[in-house]
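Me: I have just opened this entry and have not looked at it before. Could you take me through it?

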Amino acid sequence: MSPAGWCAAAREGYAHAEQRGWRTEVNENLAAFLADANSFYFATASADGQPYIQHRGGPKGFLKVLDKQTLAFTDYAGNRQYITQGNLSENPKAYIFVMDYAHRRRVKIWGEARVVEDDEALTTSLMPKGYRARPEQVILFKIAAWDTNCPQHIPQKFDAPDVAAALAARDQRIAELEAEVAALKGKASLPSSES
């Protein structure tokens, strides 16, 4: 399909989504997807529309579902540019893009966000247990709509800890099999008893 044809097909697909209505609430599938996510991209724009995208990361599930239309995360100390915070102070429109490279899935979420400062109870409740980062504030995200994408063109990638765990499990199984083979060889080399 040509780029023009693809664009027309995409627009037609979104026209159908607009007719049937966008998904606007967190369902079980989205909640499970977000609970397994350890990173996402967060987009904001200034009052005059200048876009800015920043990566957010943390332990799995650091992007929390507060209710069917509200997500939240602790914003950790970082590069001290505060562009996201500045943008949200003048334009609440925001966008979350979550990639799951291992399973070749992605979710896009449109909405509005706001920064919550000086709410220690909220910050503590959202801070992942044992995670070594310094929380600065909380970002609350109100969902307007969300959608999924097809896996086409998503490269399959795996997180280093997941690869390490798979290799450790493989190495353990190899060690077990080698011990079993050694035991069988030992039995085979024993002289048989004569009656």
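Reply: The conversation below goes from the overall fold to the pocket, the salt bridges and a few individual residues. Please keep in mind that this is a predicted model.

Me: Good. How many helices and strands does the protein chain have?

Reply: The secondary structure consists of five helices and seven strands. Along the sequence, these elements run in the pattern α-α-β-β-β-β-α-β-β-α-β-α.

Me: And how much of the protein chain is buried?

Reply: Of the 195 residues in the protein chain, 30% are buried.

Me: Let's talk pockets. How much space lies in the largest pocket?

Reply: The largest pocket holds about 360 Å³ of space. Its lining is made up of 19 residues.

Me: Which of those lie nearest the centre?

Reply: Nearest the centre of the largest pocket are Asn-38, Met-99, Asp-100, Tyr-101 and Asp-159.

Me: Which strands supply at least two residues of the lining?

Reply: Strand E1 (39-45) and strand E5 (93-100) each do so. The largest share comes from E5, which gives three residues.

Me: How do the lining residues divide into nonpolar, polar and charged?

Reply: Eight residues of the lining are nonpolar, four are polar and seven are charged.

Me: You listed Asp-100 at the pocket. What does its side chain pair with?

Reply: Asp-100 forms a salt bridge with Arg-105, at 2.6 Å from N to O. In general, side chains of opposite charge can pair when their charged atoms come close.

Me: Are those two residues buried or exposed?

Reply: The two partners fall into separate classes. Asp-100 has a relative accessibility of 12%, so it counts as buried. Arg-105 is partly exposed, with a relative accessible area of 36%.

Me: How many salt bridges does the structure hold?

Reply: There are eight salt bridges in the structure. One of them joins Asp-36 and Lys-60, whose closest N and O atoms are 3.4 Å apart.

Me: Where do Asp-36 and Lys-60 lie?

Reply: Asp-36 is in the loop between helix H2 (28-35) and E1, while Lys-60 is in the loop between strand E2 (51-57) and strand E3 (64-67), so the salt bridge ties together parts that are 24 residues apart in sequence. Asp-36 is partly exposed at 35% relative accessibility, and Lys-60 is also partly exposed, with a relative accessible area of 45%.

Me: What about Arg-170 and Asp-171?

Reply: Their side chains meet in a salt bridge as well, with 2.6 Å from N to O. Arg-170 has a relative accessibility of 44% and counts as partly exposed. Asp-171 is partly exposed too, with a relative accessible area of 40%.

Me: Changing topic: which residues form a nonpolar patch on the surface?

Reply: Phe-158, Val-163 and Leu-167 form such a patch, and together they have about 260 Å² of accessible area.

Me: Where is Val-163, and why can it be in a patch?

Reply: Val-163 belongs to helix H5 (residues 160-189). A patch takes residues with over 30% relative accessible area, and Val-163 passes that cut-off because its relative accessible area is 35%. This value makes Val-163 partly exposed.

Me: Now the backbone. What is the phi of Arg-104?

Reply: Phi of Arg-104 is near 55 degrees, a positive value in a residue that is not glycine. Arg-104 sits in the loop between E5 and strand E6 (105-116). With a relative accessibility of 31%, Arg-104 counts as partly exposed.

Me: And the phi of His-153?

Reply: His-153 is not a glycine either, and its phi is positive at about 75 degrees. His-153 lies in the loop between strand E7 (135-148) and H5. His-153 is exposed, with a relative accessible area of 70%.

Me: How many residues apart along the chain are His-153 and Arg-104, and what separates their C-alpha atoms?

Reply: They are 49 residues apart along the chain, and 8.7 Å separates their C-alpha atoms.

Me: One last residue: where is Ser-46 found?

Reply: Ser-46 is in the loop between E1 and E2. At 10% relative accessibility, Ser-46 counts as buried. The C-alpha atom of Ser-46 is 6.0 Å from that of Asn-91, a residue 45 positions away along the chain.

Key:
Residues are numbered from 1 along each chain as its sequence is written. This is a predicted model: local features need pLDDT of at least 70, side-chain atom pairs count only at pLDDT 80 or more; totals for chains, interfaces and linings use all residues. Side-chain values use heavy atoms; hydrogens and water are left out. Patches are made of residues with over 30% relative accessible area and no salt bridge: like charges are joined within 9 Å, nonpolar side chains (Val, Leu, Ile, Met, Phe, Trp, Tyr) within 5 Å. Accessible areas come from the Shrake-Rupley method with a 1.4 Å probe; for residues, only the protein chains shown count as cover. A salt bridge is a side-chain nitrogen of Lys or Arg within 4 Å of a carboxyl oxygen of Asp or Glu. Helices (H or I, at least four residues) and strands (E, at least two) are DSSP runs, numbered from the N terminus. Buried means under 20% relative accessible area, exposed over 50%, partly exposed in between (1.4 Å probe, protein chains only). On a 1 Å grid over the protein atoms alone, a cavity is a set of points where a 1.4 Å probe fits but cannot get out, and a pocket is an open set with protein on both sides within 12 Å along at least five of seven lines; lining residues have an atom within 4 Å of a point. Grid points are joined across faces, edges and corners, and a volume is the space filled by probe spheres set on the points. Ala, Val, Leu, Ile, Met, Phe, Trp, Tyr, Cys and Pro count as nonpolar, Asp, Glu, Lys and Arg as charged, and the others, Gly among them, as polar.
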